[in-house]
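Q: I have just opened this one and don't know my way around yet. Could you walk me through a few spots?

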Amino acid sequence: MFNPHDSLWYIYYTARRATKSNTSVRTPIGVISSKDLIHWQFRGYCKFDGIGGTPDGAATFWAPGITSYKGRLHMFVTWKPDTTSIRGFWGGPTILRHYEASPDDPVTGWTLAGAMTDTTMAALDPTVYKIDGWFHLWFKAKKKGVPQYGLFLMVSKDMVHWEDK
């Protein structure tokens with residue numbers, strides 16, 4: 001995404017560690033930036049509510065979807081509190097969370113805005129975009145007791161009030 005505050009392009013990514021035996025847990029969100037989309041600089045790992053900023057943190061963060069709205073950055077990301085379990089959905093319960101940050105602190109300034117799902121489904125891989133005045137939040141999820149994943153959609157005009165579609 002382009003950040004007009006510092007005129008840099010940013011990529012936010014799941015920072016899996018290829019040398020670890022289980023690369024799906026305790027993953028932070030890594031950040032790189034570029035002025036020209038050719039040369040990239042590592043900026044660090046995201047902090048959420050002041051916690052994190054390092055590999056192998058206390059929680060798992062996965063596959064962020066990022067957008068900006070009204071001078072704020074918005075991240076939708078899979079969060080998994082139990083970092084040691086390999087039971088159940090994708091190693092345990094997952095929640096799709098919404099975080100916000102100021103464009104002048106796009107790495108360590110993320111604060112929780114709300115939860116988009118609860119533990120009744122395993123939500124993964126959110127993406128968010130705006131069309132005709134509506135934000136569309138798409139994500140993959142599996143409800144408890146249902147063997148297959150489905151594609152889910154939520155929409156909002158204001159990034160606060162969301163409607164299941």
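Q: What does the side chain of Ser156 reach at 2.8 Å?
A: In this predicted model, the side chain of Ser156 reaches the backbone nitrogen of Met159, and the distance between them is 2.8 Å.

Q: And is Ser156 buried or exposed?
A: Ser156 counts as buried, because its relative accessible area is 0%, and the cut-off for buried is under 20%.

Q: Which residues is Ser156 in contact with, leaving aside its neighbours within four places in sequence?
A: With those neighbours left aside, Ser156 is in contact with Gly133, Trp134, Phe135, His161 and Trp162. One of these, Phe135, is also the residue whose bridge partner in S13 is Ser156.

Q: OK, so which strand does Ser156 lie in, and how is that strand joined to S12?
A: Ser156 lies in strand S13, which covers residues 150-156 and is joined by seven bridges to strand S12, residues 134-143, with the two running antiparallel.

Q: What is the order of the strands in the open sheet there?
A: The open sheet has four strands in the order S11-S12-S13-S14, and their pairing is antiparallel. The edge strands are S11 (121-131) and S14 (163-164), each of which pairs on one side only.

Q: What holds strands of a sheet together in general?
A: Strands of a sheet pair through backbone hydrogen bonds, and they can do so in either a parallel or an antiparallel way.

Q: Switching topic: where is Thr78, and is it buried or exposed?
A: Thr78 has its place in strand S8, residues 72-80, and it counts as buried because its relative accessibility is 0%.

Q: What does the side chain of Thr78 have 3.0 Å away?
A: A polar atom of the Thr78 side chain lies 3.0 Å from the backbone oxygen of Ala123. As for Thr60, it is 18 residues from Thr78 in sequence, while the C-alpha to C-alpha distance between the two is 7.9 Å.

Q: Last thing, the largest pocket: what is its volume, and how many residues line it?
A: The largest pocket has a volume of about 210 Å³, and 16 residues line it, with Phe48, Ile51, Gly52, Ala59 and Phe61 lying nearest its centre.

Q: Which strands supply at least two residues of that lining, and how does it divide by residue type?
A: Strand S6 (51-52) and strand S9 (95-101) each supply at least two residues of the lining of the largest pocket, and the lining residues divide into nine nonpolar, five polar and two charged.

Key:
Residues are numbered from 1 along each chain as its sequence is written. This is a predicted model: local features need pLDDT of at least 70, side-chain atom pairs count only at pLDDT 80 or more; totals for chains, interfaces and linings use all residues. Side-chain values use heavy atoms; hydrogens and water are left out. On a 1 Å grid over the protein atoms alone, a cavity is a set of points where a 1.4 Å probe fits but cannot get out, and a pocket is an open set with protein on both sides within 12 Å along at least five of seven lines; lining residues have an atom within 4 Å of a point. Grid points are joined across faces, edges and corners, and a volume is the space filled by probe spheres set on the points. Ala, Val, Leu, Ile, Met, Phe, Trp, Tyr, Cys and Pro count as nonpolar, Asp, Glu, Lys and Arg as charged, and the others, Gly among them, as polar. Two strands pair if DSSP finds at least two bridges between them. Buried means under 20% relative accessible area, exposed over 50%, partly exposed in between (1.4 Å probe, protein chains only). A polar contact is a pair of N or O atoms within 3.5 Å; within protein, one must be able to donate a hydrogen and the other to accept it, and residues adjacent in sequence count only if both atoms are side-chain atoms. Contact means heavy atoms within 4.5 Å.
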